[in-house]
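Work through the exercises below with the model open. Try each task before reading its solution.

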Amino acid sequence: MPKPDNKTVPRGDSSSRYLYPVVIVLLLLTMAGIWFFLQASTPRLPAAAPAPVVKPVAVQSPAKMVDEQQCQGCHQAQVKDWQGSHHQLAMQAATPETVPADFNNASFSSEGETTRFSRRGDELWVNTPGADGKATDFKVAYTFGIAPLQQYLIEVGDGRLQALGVAWDTQKNRWFHLYPGQGVNFKNPLHWSKPSQNANFMCVECHTTGYKRNFDPAKNSFDSQWNSLGVGCQACHGPASNHVAWAAKKGDLLHAGFAVDLKDKDATVEIETCARCHARRAPLGDGYTVGKRLMDDYLPSVLTRELYALDGKIKDEVFEHGSFAQSKMADKGVRCSDCHNPHSAELKAPGNGVCLQCHNTAGKTAVATVDGRGLQAKDYDSPEHTRHAAGEPGSFCVDCHMPGKFYMGNDFRHDHSFSIPRPGDKVSEQFKLWNSTEAEHAPRYAESMVLIRGGQPGAAQALYDQLARNNLLAIQRATLLAELPNYPSEQALKLATQDLGNPAPQVRESAVRAISAFLPPPERVALYGPLLRDPVLAVRIIAARDLLSASGQGLGPAWDKAIAEYETVQSSLLERAEANLNLAMLYQASGRSDKVEAQLRTALLRDPDFFPALVTLAQWLEANGRAQEARTLVADNLKQHPDAALLQHTQGLMLIRAGDTAKAMPHLREAARLEPANPQYNYVLAVALHDSGYVDQACEQLEKLLAVQPYNRNARLSLIQYYLENGKEPKAQVVMQSWKKLNPGDPALK
């Protein structure tokens with residue numbers, strides 16, 4: 001299950017293969033870009049000729065879900081593939097027949113907790129520490145997955161299903177903990193009883209068909225419903241009532257009664273359908289809307305440093321889509337079903353057969369919808385290419401081009417970027433020895449990211465050069481735009497502004513985030529006008545939210561509508577503390593101050609350990625003349641959670657505002673110690689040291705920060721200032737010169 005993520009929109013990602021997308025859930029989208037060219041020279045009908053009769057296409061009424069068995073009578077071949085698949089068995093009622101695990105009074109101990117497994121007739125039960133740390137009996141309601149592990153959903157009341165942190169290894173027939181050695185007890189956010197492990201929000205959508213969370217904010221409870229367990233036909237093809245009607249009458253319904261055609265010549269239709277579950281993404285509502293783009297319903301992640309390596313290979317669990325989107329395969333029109341049987345999810349050919357559909361001695365693709373230009377005629381299945389005997393490890397394409405990692409203890413996941421090994425890969429040097437030409441012609445994206453994220457000389461220019469490419473893949477462009485705020489300049493602003501009109505919605509959304517770091521809200525208004533009417537929801541709401549502080553200017557009906565959509569998105573996610581915090585901040589910015597405190601307290605009701613909401617509440621109380629109440633709130637929580645860096649940092653800042661810097665310093669130091677990678681904690685500590693007269697210590701703190709974040713502009717500016725104040729001009733010049741090598745166009749250097 002995922003670690004909580006305090007983004008603009010609450011994230012529903014997961015580091016779990018089976019506690020989030022193991023399956024393909026629906027996106028049936030309408031594809032724009034079908035152009036009808038009318039030539040001026042088209043012959044006209046004679047005046048006396050009767051007008052041709054055009055048979056109208058039947059208008060579809062909104063489709064509804066049907067019983068999945070209605071599909072099976074006509075589609076027997078597909079059903080045969082589907083039965084017994086990971087898709088069909090993604091979620092099942094927990095019974096002795098569906099559960100292979102040992103529930104015969106077995107026990108398992110890990111992370112200081114013991115879980116016991118037992119049967120009561122046909123019911124399966126666990127006795128394990130709950131949210132209060134006390135061992136309690138809980139009924140197992142559902143299974144998740146079938147291999148190489150199976151997880152279990154526990155009923156805890158109020159309609160809540162929680163994902164147990166102990167799973168069954170179906171290969172070794174043993175219990176094991178999903179987070180071994182991480183101290184995940186009942187006080188930890190990753191504990192099975194916590195909001196981050198709530199299956200209603202985090203998981204069930206991708207393990208069922210036709211799912212709705214149905215959260216009731218007033219009752220703080222769920223009434224979650226689904227059309228069927230597992231991933232059935234309608235999970236990918238959409239509600240089938242119109243299709244059933246078409247099958248009976250063979251009428252003129254578009255796409256045989258479905259909203260879109262998954263076999264559309266544009267692979268985006270199918271890929272975004274799969275991405276609804278096979279992507280690291282945040283929901284924008286309760287379920288999906290048939291016929292819309294992926295980013296109308298979800299906000300997929302870019303290639304962040306937390307999720308991906310510098311070259312884009314998987315680091316955390318990302319569920320394939322983000323990897324595949326950066327591949328040459330995707331760029332050439334390859335789609336998921338070119339390699340996988342979409343109903344069984346198995347590969348369509350054994351060994352290297354799937355790859356040889358395109359990479360073969362003929363140099364031609366056997367897949368009609370794939371752009372085969374650039375393919376080389378070569379025997380890729382030979383030892384001359386693989387450098388290994390046929391059938392041995394290393395002789396398979398996936399060994400080098402799809403390396404992988406184990407997630408959740410025993411689930412090996414292949415990287416889907418299909419790349420040539422890059423710097424940092426263990427086979428890179430061997431590749432160079434075998435074929436220096438291939439290494440020399442490798443794309444420079446990875447090498448540029450080494451400079452950009454490492455803050456090395458030439459980083460800004462490398463970033464600008466990459467963004468100037470016209471063949472950069474959309475997810476890579478969106479990722480690079482996210483790096484732009486670290487390297488501000490006139491050129492950076494120009495590049496971000498150009499991408500506000502990019503065809504890819506993920507790029508447009510990322511461009512808005514970049515520009516918000518460069519321009520004050522009033523100067524963004526003119527740029528964002530078209531985006532407030534963008535055809536994709538995720539783009540409209542990020543543009544509207546980014547103009548919130550300029551709303552006093554009267555931004556017009558387009559902004560009013562888009563900011564209302566943003567509020568609707570947050571209101572559809574009220575089971576999450578993050579969404580309640582987002583609403584509180586929206587209310588504060590839009591002048592609805594009477595709603596702010598209640599929304600913040602609701603956030604803490606949803607998740608008492610969601611410290612960003614607690615800190616925001618303390619700041620709100622402090623700003624409204626209730627400083628003592630704010631101090632008590634933070635102090636009481638700090639006693640319960642002394643290892644919470646954010647609380648230590650907040651306590652320190654409150655003491656500074658109260659004029660007690662001496663008492664503040666231990667808290668600021670502790671925050672920096674607890675989270676050494678957090679630049680804000682280290683920077684604030686340095687400023688506090690400087691203002692307390694400890695200039696040398698302040699400089700030392702900033703030097704340490706710049707050693708790990710050379711692109712940190714605030715740290716550079718302050719360090720130069722402190723050096724100059726302390727008569728250390730040569731040191732200030734060194735920092736200045738290295739800054740110029742990093743980003744010579746930075747306006748601060750002028």
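The exercises cover a helix pair, the cysteines and one loop residue of this predicted model.

**Exercise 1. Describe how helix H31 packs against helix H32.**

Solution.
- Locate the elements. H31 spans residues 713–725, and H32 spans residues 729–742.
- Take the geometry. The helices pack at an angle of about 155°, with their axes 7 Å apart.
- Classify the angle. Angles over 145 degrees count as roughly antiparallel. H31 and H32 are therefore roughly antiparallel to each other.
- Add the hand. H31 passes H32 in a left-handed crossing.

**Exercise 2. List the residues of H31 and H32 that meet, then sort the contact by class.**

Solution.
- Start with H31. Its contributors are Arg713, Arg716, Leu717, Leu719, Ile720, Tyr723 and Leu724.
- Turn to H32. Here the partners are Glu729, Lys731, Ala732, Val735, Met736, Ser738, Trp739 and Leu742.
- Sort them. The contact of H31 with H32 has 10 nonpolar, one polar and four charged residues.

**Exercise 3. Find how many disulfides the whole structure has, and characterise what you find.**

Solution.
- Apply the cut-off. A disulfide needs two cysteine sulfur atoms within 2.5 Å.
- Search. The whole structure yields one disulfide. Cys206 is joined to Cys277, with S to S at 2.1 Å.
- Read the torsion. The value about the S-S bond is -100°, and the link of Cys206 and Cys277 is left-handed.
- Place the ends. Cys206 sits in the loop between helix H3 (199–202) and strand E10 (208–209). Cys277 sits in the loop between helix H6 (268–275) and strand E14 (281–283). The pair therefore ties together parts that are 71 residues apart in sequence.
- Check burial. Cys206 and Cys277 are both buried.

**Exercise 4. Explain why Cys74 has no disulfide, then decide whether Cys74 and Cys699 are buried or exposed.**

Solution.
- Find the closest cysteine sulfur to that of Cys74. It belongs to Cys71, at 8.8 Å. That is too far for a bond.
- Recall the limits. Buried means under 20% relative accessible area, and exposed means over 50%.
- Apply them. Cys74 has 63% relative accessibility, so Cys74 counts as exposed. Cys699 has 3%, so Cys699 counts as buried.

**Exercise 5. Place Ala468 in its loop, judge its exposure and relate it to Leu495.**

Solution.
- Locate it. Ala468 lies in the loop between helix H16 (459–467) and helix H17 (474–483).
- Judge exposure. Ala468 has 56% relative accessibility, so Ala468 counts as exposed.
- Compare sequence and space. Ala468 and Leu495 are 27 residues apart in sequence. Their C-alpha atoms are 7.6 Å apart in space.

Key:
Residues are numbered from 1 along each chain as its sequence is written. This is a predicted model: local features need pLDDT of at least 70, side-chain atom pairs count only at pLDDT 80 or more; totals for chains, interfaces and linings use all residues. Side-chain values use heavy atoms; hydrogens and water are left out. Axes are lines fitted to C-alpha atoms, for helices over the stretch in contact, and angles run from 0 to 180 degrees between N-to-C directions. Helices (H or I, at least four residues) and strands (E, at least two) are DSSP runs, numbered from the N terminus. Angles under 35 degrees count as roughly parallel, over 145 as roughly antiparallel, 65 to 115 as roughly perpendicular and the rest as oblique. A crossing is left-handed if the near helix is turned anticlockwise from the far one by less than a right angle, and right-handed if clockwise. Contact means heavy atoms within 4.5 Å. Ala, Val, Leu, Ile, Met, Phe, Trp, Tyr, Cys and Pro count as nonpolar, Asp, Glu, Lys and Arg as charged, and the others, Gly among them, as polar. Buried means under 20% relative accessible area, exposed over 50%, partly exposed in between (1.4 Å probe, protein chains only).
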